[in-house]
Amino acid sequence: MTSSPSRVPTGIYRLQLQPAFGFAEAAAAVPHLASLGVSHLHLSPILQAVPGSTHGYDVVDHSRVSADLGGEDGLRELATAAAAHGLGIVVDIVPNHMAVPAPESLNRPLWETLREGADSPYARWFDIDWTRHDGRVLLPVLGGPVEEVADELIVDGHVLRYHDHEFPLRPGTEKLALDELLAAQHYELAHWRRADTELNYRRFFTIAGLIALRQEDDEVFAATHATMVRLLNEGLIHGLRIDHPDGLADPRAYLERLRAAAPNAWIVVEKILSDEETLPADWACDGTTGYDALRRVDNLFLDPEGAGPLRALHREQTGVREGFDYLAQEARAEVLAGGLATEFARLRRTLDRLEPVAGAGDVGRALPPLLTAFPTYRPYPGAGPGSIAAMARALTGVPGQVSEAAREIAELALADGEFGIRFGQVAAALAAKGVEDRAFYRWYTLSSLNEVGGAPDTFGLDIAGFHAACRRMSPTTMTTLSTHDTKRSEDVRARLSVLAEIPEDWAQRVHAWNDRSRPHRSEFRFGPDRYDTYLLWQTLVGAWPLTPDRAVAYLRKAMREAARETTWADPNPDYETASEAFVRAVLADDELTADIADFGAVVDRAAHAVSLGAKLVQLTMPGVPDVYQGGELALYTLVDPDNRAPVDFGREHGPLDTLKLKVTSAALRLRRAHPDWFAGAYTPLRARGKEADHAIAFIRGGEAITVATRLPAGLAAKGDWGGALLPLPEGRWVDALTGGTYTGQARLRHILEDLPVALLTRG
């Protein structure tokens with residue numbers, strides 16, 4: 001057996017566990033993953049979820065490891081296999097919520113709460129407003145109003161059944177007439193449409209099937225973390241990824257409690273940082289899960305000169321003339337009044353219980369614009385500098401006639417107390433549902449920019465800006481390029497980024513494809529409109545080749561998220577059916593698909609350089625790199641569930657697969673062999689010459705040098721590197737990828753002659 005893993009990983013590999021890929025399949029992949037050079041496996045949630053769950057975020061039992069994945073015995077066998085190769089294990093945990101499953105008896109704490117109501121010892125587990133619905137829990141699970149589905153409700157002993165659902169009956173109520181029986185319970189069965197306006201438990205965003213937990217309660221924390229803490233203390237697992245900390249009442253206090261329970265664990269949090277926002281300094285964790293790094297790496301390889309032409313093309317194709325900030329605020333307002341109406345109503349009731357604020361009559365009008373203008377995920381009570389700055393920006397977006405009331409509301413939101421907590425929780429849900437899951441599907445000047453925490457109207461990051469950001473990064477934070485939540489995987493985004501370098505060529509193709517597909521469009525008068533068609537063209541270029549089923553599934557999800565012509569709650573069957581038929585007709589048109597493939601080949605000549613460059617930079621910049629399943633090879637997946645399918649480790653390799661595997665394994669092995677280099681200094685290395693801006697280079701720990709090509713299409717248009725030089729530190733440097741050796745003032749055309757990237761070490 002090799003040595004035990006260190007507390008801070010040198011590199012991790014994310015596996016999406018599910019019934020089709022459980023602990024046994026993960027164990028079979030261990031030799032391959034160890035050969036890549038990672039130090040730890042990174043597992044999606046492992047506790048018992050709803051049977052058949054393909055993601056694990058719908059936990060029903062915190063006391064046991066998922067039987068669907070192989071149970072605790074299977075986990076121990078995986079841990080043994082991993083340890084035999086010197087690998088540790090990092091696990092994703094879900095503290096914010098549990099599932100409201102069908103049948104509901106799968107979730108025992110919830111079942112007992114439904115049976116006994118607010119007096120149940122488990123009632124403290126869940127964030128329920130017991131002042132609503134006569135102290136009963138609203139369960140919006142029915143297909144229609146209760147009087148319309150009464151015949152489908154069946155009393156079965158001490159249980160009330162409705163299709164796959166089952167609910168506990170209070171003793172002595174079994175023989176009552178149905179209306180009396182329903183009135184006698186600690187829950188109210190309701191039409192599913194009542195969830196958005198009348199629900200009295202906090203959800204995960206707008207998902208009524210996920211009920212929020214009160215981790216601020218010591219008893220709840222202890223019960224929901226006991227299994228994971230035991231596995232940590234036994235040394236079976238070594239680190240934790242914390243899902244959605246912004247849903248918690250007090251993320252700082254939660255992390256303090258977690259750190260006390262697991263003092264030696266590596267802990268990273270899925271904290272979404274916007275713009276130049278930083279992780280709160282008083283959080284007891286090792287960093288974020290890397291969306292901030294993803295945004296910077298993507299922008300490093302994006303040409304800002306393409307912004308103008310791409311914006312113009314987007315306006316032409318969609319008719320959208322407003323900027324992204326306007327659309328984002330509009331989408332937030334829609335979601336606040338719609339999908340999050342119940343959360344807003346509870347927040348408003350919390351505010352109403354406080355002392356009257358100045359201009360109290362304006363409170364109702366001041367709270368919504370303050371929330372919709374809030375620029376980051378959430379503020380935190382205690383008013384740290386980041387929260388104060390974000391709130392100040394939000395106040396600038398509030399109409400003047402309610403500004404005084406808004407300022408006093410802002411003070412309450414930044415103060416300790418229930419209102420500050422709930423303001424933050426609603427703001428976080430609004431950012432996720434209003435911006436990422438609505439505005440991001442309404443604005444796609446370049447859809448590769450529409451990732452979690454991204455700013456889709458910001459094009460590019462210069463070399464100096466990237467270096468400055470890296471110098472501020474912690475060596476223990478996580479970095480990533482693809483996750484289970486990215487809307488487009490890293491290599492899809494790499495292809496799309498090239499469009500910013502060739503916007504005129506892209507515009508010509510879009511016009512040609514619109515013309516070519518016009519006969520198909522005339523067959524389907526209901527849709528899709530040019531708005532959705534333009535998103536389709538970007539999707540086909542980014543993820544080519546797509547099967548019709550994948551393309552249809554993606555576009556349907558995108559259209560429903562955008563909530564323009566169809567929605568999740570109210571699908572427009574005419575528009576969706578016509579859009580599906582159009583997609584299938586496009587993909588059956590040999591001439592059109594041949595042209596898409598031809599353009600894709602042009603894009604790939606540059607995109608492969610972007611893919612390799614972004615990968616090497618992510619693997620060697622400050623932080624702990626995470627490789628998402630399959631990401632050591634070319635990865636062309638779209639938003640979930642497309643990106644969560646089991647990975648085929650034995651698939652045949654294409655040209656990019658081979659090169660990306662070489663880059664990934666070389667960097668990860670070097671990190672594992674020399675962790676001190678990558679925990680050490682980050683030193684920018686500046687190329688010289690007319691083409692210098694096409695090279696990003698930096699030194700790690702004085703011993704390893706990363707060199708990557710950026711904006712490769714523009715470089716090719718200039719005739720490649722010319723006489724550009726890279727001044728190397730003293731000594732002889734050997735490329736771990738090609739074996740080439742270099743000293744002194746090395747020419748970039750020599751260093752990057754065989755590959756668009758280089759990883760140099762002293763030799």
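D595 has a relative accessible area of 26%, so it counts as partly exposed: that value falls between the 20% limit for buried and the 50% limit for exposed. Welcome to this predicted model. D595 is a handy place to start, as its side chain meets that of R509 in a salt bridge, with 2.9 Å from N to O. From there, the points below visit other charged pairs, a parallel strand group and an open antiparallel sheet.

**The pair around D595**
- The partners sit in two helices: R509 belongs to α18 (residues 503-522), while D595 belongs to α22.
- Although they meet through their side chains, R509 and D595 are 86 residues apart, and the pair links distant parts of the chain.

**Other salt bridges**
- Side chains of opposite charge can pair when their charged atoms come close.
- The count for this model comes to 66 salt bridges.
- One of them joins the side chains of E219 and R124, at 3.1 Å from N to O. This pair also links distant parts of the chain: E219 is in helix α6 (residues 218-234) and R124 is in the loop between α3 (108-116) and β7 (137-142), 95 residues apart.
- Are E219 and R124 buried or exposed? E219 is partly exposed, with a relative accessible area of 38%, and R124 is partly exposed too, at 36%.
- R564 forms a salt bridge with D529, and their closest N and O atoms are 2.5 Å apart. R564 lies in the loop between α20 (548-562) and α21 (573-587), and D529 in the loop between α18 and α19 (530-543), so this pair ties together parts that are 35 residues apart in sequence.
- R564 has a relative accessible area of 29% and is partly exposed; D529 is also partly exposed, at 22%.
- Salt bridges can also form networks here: D127, R202, R346, R353, E418 and R422 are linked in one.

**Strand β14 and its neighbours**
- Strands of a sheet pair through backbone hydrogen bonds, either parallel or antiparallel.
- Strand β14 (residues 239-242) pairs in the parallel sense with β5 (residues 88-93) over 4 bridges, and again in the parallel sense with β15 (residues 266-269) over 4 bridges.
- Which residues does R241 face in these strands? In the pairing of β5 with β14, R241 is the bridge partner of D92, and in β15 the bridge partner of R241 is V268.
- Along β14, G239 and R241 point one way, L240 and I242 point the other way, and all are buried.
- Helix α7 (residues 251-261) joins in as well: β14, α7 and β15 make a right-handed β-α-β unit.

**The open sheet and helix α22**
- An open sheet of 6 strands runs in the order β19-β20-β21-β26-β23-β24, with antiparallel pairing.
- Where does this sheet end on either side? Its edge strands are β19 (682-684) and β24 (741-742), each of which pairs on one side only.
- Within the sheet, β20 (residues 695-700) and β21 (residues 704-709) pair in the antiparallel sense over 6 bridges, and A697 stands opposite V707 in β21.
- Helix α22 (residues 590-620) packs on this sheet and touches β20, β21 and β26 (757-762). The direction of α22 makes about 155° with that of β21.
- This brings us back to the start, since α22 is the helix that holds D595.

Note on methods. Residues numbered from 1 in each chain as written. Predicted model: local features only at pLDDT ≥ 70, side-chain atom pairs only at ≥ 80, totals over all residues. Heavy atoms only, no water. Pairing = 2+ DSSP bridges. Contact = heavy atoms within 4.5 Å. Axes fitted to C-alpha atoms, helices over the stretch in contact; angles between N-to-C directions. Salt bridge = Lys/Arg side-chain N within 4 Å of Asp/Glu carboxyl O. Buried < 20%, exposed > 50% of the residue type's maximum accessible area, 1.4 Å probe, protein only. Right-handed = clockwise from strand over helix to strand, strands pointing away.
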